Amino acid sequence: MDWQSLWLSGKLALVTVLILLPLCVFAGRALAYHQFRGKSLIEALIMVPLVLPPTVVGYYLLVSFGSESWLGQWLRNTFGIELVFHFSGLVLASILVNIPFALQPIQRAFEAIPVDVRDAAACCGMSKSKILTRIELPMIWPGLVTALVLTFSHVLGEFGVVLMMGGNISGETKTISIAIYDSVQAFDFDAAGIMSLILLLFAISALALTTSLSRRMGGQHERQH
């Protein structure tokens, strides 16, 4: 069992969730409540990581932020930041790949809030920030938990984009999915089996939780209508 790789994967998943979820709350709210030109295109672009192979996303990130690219050189010369083959690069890649997993459940949860609830809160003199924190966030908590679980679980299983962007550096970019691959390459099927079982059990638990929350959201939506 490669505990270091498991710890690194957990750390990557946690950092991704902490950065991505707050951003998706505001983005999901805006997409749920507003209609504007180009909205369909933006939503389509957000969903691209669901159908695009992770290695393709990793390739474009590698080309965009590599040491030979103008952007990579600018980041290194101006801020001393190097993303490729570093943990920070994995965080960037994970955020981009997991936007649809975090954003879609939150957007759907905001869309399920009846308009008259928000109108009533506004008529009572509540500010937009108070409506968000006191009315909307408590009502969308199943969507938030679903987004958290899906994003965390997906980050744990990332392979292609992580390998392309971070390589296989122990303690820096070697996640548990890469550790499983290395174990199979070394014919250490016992270690690969243990790590795979851990991910399998976590995935089943995550899917069971999200399914339960989705049913609860659906029940709430039916009662409200």
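**Exercise 1. Find the volume and the lining of the largest pocket.**

*Solution.* Start with the space: the largest pocket holds about 150 Å³. A pocket here is an open set of points on a 1 Å grid over the protein atoms alone where a 1.4 Å probe fits, with protein on both sides within 12 Å along at least five of seven lines. Its volume is the space filled by probe spheres set on the points, which are joined across faces, edges and corners.

Before going on, note that this is a predicted model, where local features need pLDDT of at least 70, side-chain atom pairs count only at pLDDT 80 or more, and totals for chains, interfaces and linings use all residues. Residues are numbered from 1 along each chain as its sequence is written, and side-chain values use heavy atoms, with hydrogens and water left out.

Next, list the lining residues (those with an atom within 4 Å of a point): Arg-29, Tyr-33, His-34, Arg-118, Ala-122, Lys-128 and Ile-131. Helix H1 (3–33), helix H6 (115–123) and helix H7 (128–139) are the elements that each give two or more residues to this lining.

Last, sort the lining by class: three residues are nonpolar, one is polar and three are charged. Ala, Val, Leu, Ile, Met, Phe, Trp, Tyr, Cys and Pro count as nonpolar, Asp, Glu, Lys and Arg as charged, and the others, Gly among them, as polar.

**Exercise 2. Describe how helix H5 packs with H8 and with H2.**

*Solution.* Two packed helices are described by the angle between their axes and the distance between the axes. Axes are lines fitted to C-alpha atoms over the stretch in contact, and angles run from 0 to 180 degrees between N-to-C directions.

Take H5 (residues 87–111) and H8 (residues 141–156): their axes come within 8 Å and cross at roughly 160°. H5 and H8 are therefore roughly antiparallel (over 145 degrees).

Now take H2 (residues 39–51) and H5, whose axes come within 7 Å and cross at roughly 120°. This pair is therefore oblique, the term for angles that are not under 35 degrees, over 145 or from 65 to 115.

**Exercise 3. Summarise the chain and its annotated domain.**

*Solution.* Count the elements: the chain has 11 helices and zero strands. Helices (H or I, at least four residues) and strands (E, at least two) are DSSP runs, numbered from the N terminus.

Then turn to the record: an unreviewed UniProt entry places "domain: ABC transmembrane type-1" at residues 6–210. Over residues 6–210 the chain is 80% helix and 0% strand.

Conventions:
UniProt positions are given in the numbering used here, feature names are shortened, and annotations may be inferred rather than shown by experiment.
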